[in-house]
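Subject: A structure for you to explore

Hi there,

I am passing on the structure we talked about, so please open it and turn it around for a while. My notes on what was found come right after it.

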Amino acid sequence: PQLNGNSAVARWTAPASATFTLRATFTGVSGYGGAPASTTDVHAFHGRQELFAAGVNVNGGGNTALLTTSLTVAKDDTVDFSLGFGNGNYFFDSTALDAVICGPGEPDGGNFSARCVEGGP
């Protein structure tokens, strides 16, 4: 998150109309060497619709928050993964995002990523 209160956002844009499976893992990465643990609120949105909300080391959440869902999208729809303050400040809030989105591939029939084919999300 940013000092001015804006959330950090990573955006995925659908390459085609289809049903995709999303797996997103948010993990707090602060807390090493005696630093305070990450304390963030995390979200996923399909357009303006919130798909997921959780806390990382805040609001009852642990150091990891996991989203797994299937989502039908239209071409050029967006999914935003968002990270906010959580505890009211942005200090020591480093949080990793590992997002895997599996679907029918690119409109030209391109290959799935190996992570989608081998075991899936």
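Below is a short tour, going from the whole chain to its two sheets and then to a few residues worth finding on your screen.

**The chain as a whole**

Please keep in mind that this is a predicted model. The chain has 121 residues, and 36% of them are buried. It holds 1 helix and 7 strands. If you walk from the N terminus, you meet the elements in the order β-β-β-β-β-β-β-α, so to speak with the helix as the closing element.The accessible surface comes to about 6600 Å², and carbon and sulfur atoms account for 50% of that. Among contacts between residues at least 6 apart in sequence, 73% join residues at least 24 apart.

**The sheet with three strands**

Which strands make up the open sheet of 3 strands, and in what order? The order is β5-β2-β7, with antiparallel pairing. β5 (64-73) and β7 (95-102) are the edges here; each has a single partner strand, so one side of each has no neighbour in the sheet. From one strand to the next, the twist averages 15°.

Now look at β2, which covers residues 18-28. On one side, 8 bridges join β2 to β7, and the two strands run antiparallel. You can find this pairing by eye: Ala24 stands opposite Ala99 in β7, and Gly28 stands opposite Thr95, also in β7. The pairing of β2 with β5 is antiparallel too and extends over 10 bridges. Here a good place to look is Thr27, whose bridge partner in β5 is Thr64.

**A residue to try: Thr68**

Thr68 sits in strand β5. Is Thr68 buried, exposed or partly exposed? Its relative accessibility is 48%, and therefore Thr68 counts as partly exposed; the range for that label runs from 20% to 50%. If you set aside the neighbours within four places in sequence, Thr68 is in contact with Leu22 and Arg23. Leu22 makes a nice example of how sequence and space can differ: Thr68 and Leu22 are 46 residues apart in sequence, yet their C-alpha atoms are 5.6 Å apart.

While you look at the strands, here is a general point to keep in mind. In a regular strand, side chains alternate between the two faces of the sheet.

**The sheet with four strands**

The other open sheet has 4 strands in the order β1-β6-β3-β4, and its pairing is antiparallel. At its edges are β1 (8-13) and β4, each pairing on one side only. Ignoring direction, neighbouring strands in this sheet are turned by 15° against each other on average. β1 and β6 pair in the antiparallel sense over 6 bridges. To spot this on screen, start from Val9, whose bridge partner in β6 is Ser82.

**Two aromatic pairs**

How many aromatic pairs does a search of the whole structure find? It finds 2. Trp12 and Phe20 form an edge-to-face pair, with 5.0 Å from centre to centre and 70° between the planes. Both Trp12 and Phe20 are buried.

Phe26 and Phe52 form a stacked pair, with 6.4 Å from centre to centre and 5° between the planes. This pair links distant parts of the chain, with Phe26 in strand β2 and Phe52 in strand β4, 26 residues apart. Phe26 and Phe52 are both buried.

**Two loop residues with a positive phi**

Most residues other than glycine have a negative phi. With that in mind, take a look at two loops.

Asn59 lies in the loop between β4 (49-56) and β5. Asn59 is not a glycine, yet it has a positive phi of about 55°. Is Asn59 buried or exposed? At 69% relative accessibility, Asn59 counts as exposed, because the label applies over 50%.

Asp76 is found in the loop between β5 and β6 (78-84). Asp76 is not a glycine either, and its phi is positive at about 75°.

Have fun looking around, and write back with any questions.

Best wishes

Methods:
Residues numbered from 1 in each chain as written. Predicted model: local features only at pLDDT ≥ 70, side-chain atom pairs only at ≥ 80, totals over all residues. Heavy atoms only, no water. Pairing = 2+ DSSP bridges. Axes fitted to C-alpha atoms, helices over the stretch in contact; angles between N-to-C directions. Buried < 20%, exposed > 50% of the residue type's maximum accessible area, 1.4 Å probe, protein only. Contact = heavy atoms within 4.5 Å. Areas by Shrake-Rupley, 256 points an atom, 1.4 Å probe, with all protein chains shown as cover. Phe/Tyr/Trp six-rings, centres within 6.5 Å; stacked < 30°, edge-to-face > 60°.
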